[in-house]
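User: I am in my first year and would like to go through this structure slowly, asking how each label is justified.

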Amino acid sequence: SSETIVLLVLSVRCCVAISMSQSQSQSQKHEEEEEEFPTPPFRDLQPIKGGWLVKQGASVKSWKRRVFVLAKDMRYLYYYVSNTDKEPRGVIDLEGCIVGQDKTLSAERKTFCFSVQAKRSKNVSSNKLFADRMYYLCADSFQEMSDWINIIIRSGKWREQDMQEQQANQ
């Protein structure tokens, strides 16, 4: 079985693309295992990073403040309406995502914004699945925005190490 991991950094826009290709049988097995999105209650998460971000809606382009959490597994980014929610409002699969600072929203008077283009995500409350959805998120400061971008980038590096360790153990 072969596995290729490519990490591309474009320094001008601070973007990162993480793409992974696996043998067909591994891909099919992966899709079967990953069909369902985990939806843990906020209190059950072991966060690596968490905090409030403003997110633009998918169909109604309004901006809503949500609690975002990157859990210990660093695979999924969860967002909640509040930290007392029993399940997330949405789940973003970070595998293969593209993340970067987004300056195009300054016309809407939004600052410290970044985008996450996810290959897979789910709105849990409406039970809608999305493919290649672009998420626009705004932080309260430049530092907070940079921290989120960097932790999402590092989540890709973590998966790379994890996959190499799994392959070595097989």
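Analyst: This is a predicted model, and a good place to begin is Phe114, which, once its neighbours within four places in sequence are left aside, is in contact with Leu53, Val99, Gly100, Gln101, Asp102, Tyr135, Tyr136, Leu137, Met145, Trp148, Ile149 and Ile152.

User: Which residues touch the most other members of the largest nonpolar core?

Analyst: They are Ile92, Phe114, Val116 and Ile152, in a core of 22 residues. At least two residues of this core come from each of E4, E5, E8, strand E9 (128-138) and helix H2 (142-169), and H2 gives the largest share, 6 residues. Another core, of 10 residues, lies apart from it and includes Val67, Tyr78, Tyr80 and Val124.

User: Why is Tyr80 called buried, while Phe42 is called partly exposed?

Analyst: Buried requires a relative accessible area under 20%. Tyr80 has 0%, so it counts as buried, whereas Phe42 has 22%, which is not under 20% and not over 50%, and therefore Phe42 is partly exposed.

User: What makes Phe42 and Tyr80 an edge-to-face pair?

Analyst: Two values have to be set against the rule, namely 5.3 Å between the ring centres and 85° between the planes. The centres lie within 6.5 Å, so the rings pair, and the planes are over 60 degrees apart, so the pair is edge-to-face. Phe42 sits in the loop between helix H1 (24-34) and strand E3 (47-56), and Tyr80 in strand E5, 38 residues apart, so that the pair links distant parts of the chain.

User: Why is the pair of Tyr76 and Tyr78 called tilted?

Analyst: Their ring centres are 6.2 Å apart, which is within 6.5 Å, and their planes stand at 45°, which is neither under 30 nor over 60 degrees, so the pair is tilted. Tyr76, which lies in strand E5, is buried at 5%, and Tyr78 is buried at 3%. Ring pairs also join Phe37, Tyr76 and Tyr78 into a cluster.

User: How do you know that Arg120 and Asp93 form a salt bridge?

Analyst: The distance from N to O is 2.9 Å, and because this is within 4 Å, the pair is a salt bridge. Arg120 lies in strand E8 (residues 113-123) and Asp93 in strand E6, so the pair ties together parts that are 27 residues apart in sequence. Arg120 is partly exposed at 26%, while Asp93, at 3%, counts as buried.

User: What makes Arg75 and Glu95 a salt bridge too, and are these residues buried or exposed?

Analyst: Their N to O distance is 3.3 Å, which is within 4 Å, so the rule is met. Arg75 has a relative accessibility of 11% and Glu95 has 14%, and because both values are under 20%, both residues count as buried. Through shared partners, salt bridges join Arg75, Asp93, Glu95 and Arg120 into one network.

User: Why does the pair of Asp44 and Arg43 count as a salt bridge?

Analyst: The N to O distance is given as 4.0 Å, and the limit is within 4 Å, so the pair is counted. Arg43, at 64%, is over 50% and therefore exposed, whereas Asp44, at 48%, is partly exposed. A search of the whole structure finds 6 salt bridges.

User: How do you know that the charge of Arg133 sits over the ring of Phe130?

Analyst: The charged end of Arg133 is 4.9 Å from the ring centre of Phe130, and this distance fits the part of the rule that asks for CZ of Arg within 6 Å.

Technical notes
Residues numbered from 1 in each chain as written. Predicted model: local features only at pLDDT ≥ 70, side-chain atom pairs only at ≥ 80, totals over all residues. Heavy atoms only, no water. Salt bridge = Lys/Arg side-chain N within 4 Å of Asp/Glu carboxyl O. Buried < 20%, exposed > 50% of the residue type's maximum accessible area, 1.4 Å probe, protein only. Helix = DSSP H or I, 4+ residues; strand = E, 2+ residues; numbered from the N terminus. Core = buried A, V, L, I, M, F, W, Y, C linked by side-chain atoms within 4.5 Å. Contact = heavy atoms within 4.5 Å. Phe/Tyr/Trp six-rings, centres within 6.5 Å; stacked < 30°, edge-to-face > 60°. Lys NZ or Arg CZ within 6 Å of the ring centre and 35° of its normal.
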